Amino acid sequence: MNRINRMQYIMNMRPVLNKEALFSDGTPYYRNPAEPRTGEEISIRFRTQRNNVDAVYLVAGDRKIGMTLEKTEKGFDYYVAKIRMGEDVLRYHFEILFGWVTCYYNCQGVCMEKDPHWDFEVYPNWSTPDWIKGAVMYQIYVDRFYNGDPTNDVETAEYYYIGDYSVRVNDWYKIPAAMGVREFYGGDLAGIREKLDYLQNLGVEVIYLNPVFVSPSNHKYDCQDYEYIDPHIGKIVRDCDGLLQHGDHENAHAAKYIRRVTDRENLEASNQLFAELVEEIHRRGMKIILDGVFNHCGSFNKWMDREKIYENQEGYPKGAYVSGDSPYRNYFDFKEDHRWPYNPSYDGWWGHDTLPKLNYEASDDLYRHILEIGRKWVSPPYNVDGWRLDVAADLGHSNEFNHKFWKDFRDAVRSANPNAVILAEHYGNPEGWLQGDEWDTVMNYDAFMEPVTWFLTGMEKHSDEYQDHLYGNSEVFISSMNAHMRALHMSSLYSAMNELSNHDHSRFLTRTNRRVGRVAHVGAEAASRDINPAVMREAVVMQMTWPGSPTIYYGDEAGVCGFTDPDNRRTYPWGREDRQMIDFHRDMISVHKRYPVLKNGSLKFLWNDFQGLCYGRFSFCDQVIVIINNQETERDVEIAAWKTGISRMNDTVLERVILSDRNGYTREPRQYTAKAGVVNIHMPAYGAVVLYHHD
């Protein structure tokens, strides 16, 4: 046999490179420590099939480090290399040699050419608080949750706002009006406290409150006073008569409202009530974060005082709208200097005169003041556990200034409370703010809410459009997730707020009917017509098993429907709950909390098809396998469970943790055997199953 023939014979006998066995990521199992400090030594691991490669290299910049075989178990080889964390971002990928073949491994998986864009990245000295990673969160829109104190309710005609009088709603189950910003149902802090047993029993670990500071709207994104909790959701100890008479639109005459929101006793009592609520939440082992709206305030704000609420109140300086000599003059950008008194020429966010944009560049005093607000609420006696930042990327008038502010904000907040989380609302790529010195993480639209919604329902998150080519398209789902998760980095990804619904988008349960529309065009009843609770349960299974912090929008767990805002802000249906949906949420939260691998484990896609998806969450000794069949017919699927680290040399028994289908769900245990690392399972229509194995 000549040399060429011998070489051909050897190549034919050699096994093929098993690319599916190649794996690494940024979890503590494959990078330890996962959040290194400058000067720390990092152990970086890489997995291959046993005896399947010739060499593995860790490539970090111009350094190429040979990786050594650390251990062999369950048919896999684990290679390790050590590298010391410097002061700059560490970027790396892997180079794998197999005979004459060289391939690479990065955030996108196996590739045949290097692409620095997809390198793994490690930011020195960046850590997110451990408590937020994988924490079960619950978002409360306070006015619509529960009325625990009717004495603080906003009264009809208490004041005038955006073309009409405030309205006290007496029917808790009334559908919100199309222009419902002035409607108040009476939900308050006392109501939240009264329902803490319910939230704790559900399994909630963190409460996120929509804005709670003084404001004339039910949504409170138009802040009137950052220093105080609104007495209408807090406590009113000093009250008076003085509703507006029909035809009177001057809030300077709204004596009752003025007393309620400017009287120091009411304000201090409300702050005290809030401090007591936080103390009780902490006593139960739970956390709480507040909504910080710092890009803009409201026209009622005491710094602006367009409504002349504060103009004649003792202890309040003149607002910038009232006087050009106001100490708050430079807090806002006035276009015309000759219009005082009562100058309406200020810049409003997106042109809304009810939302004056804060002009940080022109006022060091404003800058310092908001940093102090950030510190105040995470400090004693309030001790809040962090901030959710509204439209955070819009703050300031330039990108450079925006980044400077959030660096200073982080320093201010963390100096007061080192374990406080800073979580931002952001649409699009947040990578520029996730460098370890600004935001900790984001509301996860790109790498959770949107891909899940498109895949399971074909709907856009506002219910404004339906895309048939995205409905059930698992290939698009996987590619979208891979791309967007990479932008979050590991620390942010495992802390990200994973929501199915919230106050800005339609309810997920409504999206399951695949009906395009808004209340004004199709009516409120259409939001709950032809819904599919089984698809909702599929989504909840994904929410509770995906990397990040699963966040329930109040009432989602009780079957609340609704198109985009304000219809998505319907009240929690006390007494009319979907009990099965509540029980399912409670059980899935229990699953999420029972298996730590769902909080810190690796993620790998195992199988996909039209309307079908399977992924694994795993460590070296624990494997969770999630299978989704989103089609209306049952089918058999074959899952390569070995990709999660399950042995192919022996039969492996997996326990069924939960099963949901079109008829309901069950926690009845059942065993499945993976033969040679492969498990076959019959999936019901609109089915979701969670399997678990521990070595």
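A polar contact is a pair of N or O atoms within 3.5 Å, and by that criterion Asn444 caps the N-terminal end of helix α8, with a side-chain oxygen 3.1 Å from the backbone nitrogen of Ala447. The model that shows this cap is a predicted one, and helix α8 is a convenient place to begin reading it.

Helix α8 covers residues 445-457, yet its end C-alpha atoms are only 16 Å apart, short of the 18 Å that a straight helix of 13 residues would reach at 1.5 Å a residue. The helix is mostly covered, since 13 of its 13 residues are buried, and after its last turn comes Gly458, whose phi is positive, near 75°. Helix α13, residues 579-594, offers a second case: its 16 residues reach 22 Å from the first C-alpha to the last, close to the 22 Å expected at 1.5 Å a residue. Here too the N-terminal end is capped, this time by Asp578, which places a side-chain oxygen 3.2 Å from the backbone nitrogen of Gln580. The buried residues of α13 include Met581, Ile582, Phe584 and Met588, and among them are also the charged residues Arg586 and Asp587.

From the helices we turn to the sheet. Eight strands form an open sheet with parallel pairing, in the order β22-β21-β20-β19-β16-β11-β24-β23. Because β22 (441-442) and β23 (497-499) each have a single partner strand, they stand at the edges, and one side of each is left without a neighbour in the sheet. At the β22 edge, the pairing with strand β21 (residues 421-424) runs in the parallel sense over 2 bridges, and Thr441 in β22 is the bridge partner of Leu423.

The nonpolar interior can be described through its cores. The largest nonpolar core has 134 residues, of which Tyr138, Leu209, Phe274, Phe294 and Trp387 touch the most other members. Helix α12 (residues 533-545) gives the most to this core, contributing 8 residues. A second core, separate from it, has 33 residues and includes Phe76, Tyr78, Tyr79 and Met85.

Side chains of opposite charge can pair when their charged atoms come close. With a side-chain nitrogen of Lys or Arg required to lie within 4 Å of a carboxyl oxygen of Asp or Glu, the count comes to 52 salt bridges. In one of them, Arg84 and Glu41 have their closest N and O atoms 3.7 Å apart, and this pair links distant parts of the chain, with Arg84 in strand β6 (residues 76-84) and Glu41 in strand β2 (residues 41-49), 43 residues apart. Glu41 counts as partly exposed, at 40% relative accessibility. The salt bridge between Glu280 and Arg284 has its closest N and O atoms 2.8 Å apart, and both of these residues are buried. Lys675 and Asp651 form a further salt bridge, at 3.3 Å between the closest N and O atoms; Lys675 lies in the loop between β31 and β32 and Asp651 in the loop between β28 and β29, so the pair ties together parts that are 24 residues apart in sequence. Lys675 itself is exposed, with a relative accessible area of 53%. Arg91, Glu121, Glu431 and Arg486, finally, are linked in a network of salt bridges.

The cysteines remain to be considered. A search of the whole structure finds 0 disulfides. Cys614 is in no disulfide, the nearest cysteine sulfur being that of Cys621, 19 Å away. That separation is too far for a bond, given that a disulfide requires cysteine sulfur atoms within 2.5 Å. Cys614 is buried, with a relative accessible area of 0%, whereas Cys621 is partly exposed at 32%.

Terms used. Residues numbered from 1 in each chain as written. Predicted model: local features only at pLDDT ≥ 70, side-chain atom pairs only at ≥ 80, totals over all residues. Heavy atoms only, no water. Buried < 20%, exposed > 50% of the residue type's maximum accessible area, 1.4 Å probe, protein only. Helix = DSSP H or I, 4+ residues; strand = E, 2+ residues; numbered from the N terminus. Expected span 1.5 Å × (residues − 1). Polar contact = N/O pair within 3.5 Å; in protein donor to acceptor, adjacent residues only side chain to side chain. Core = buried A, V, L, I, M, F, W, Y, C linked by side-chain atoms within 4.5 Å. Pairing = 2+ DSSP bridges.
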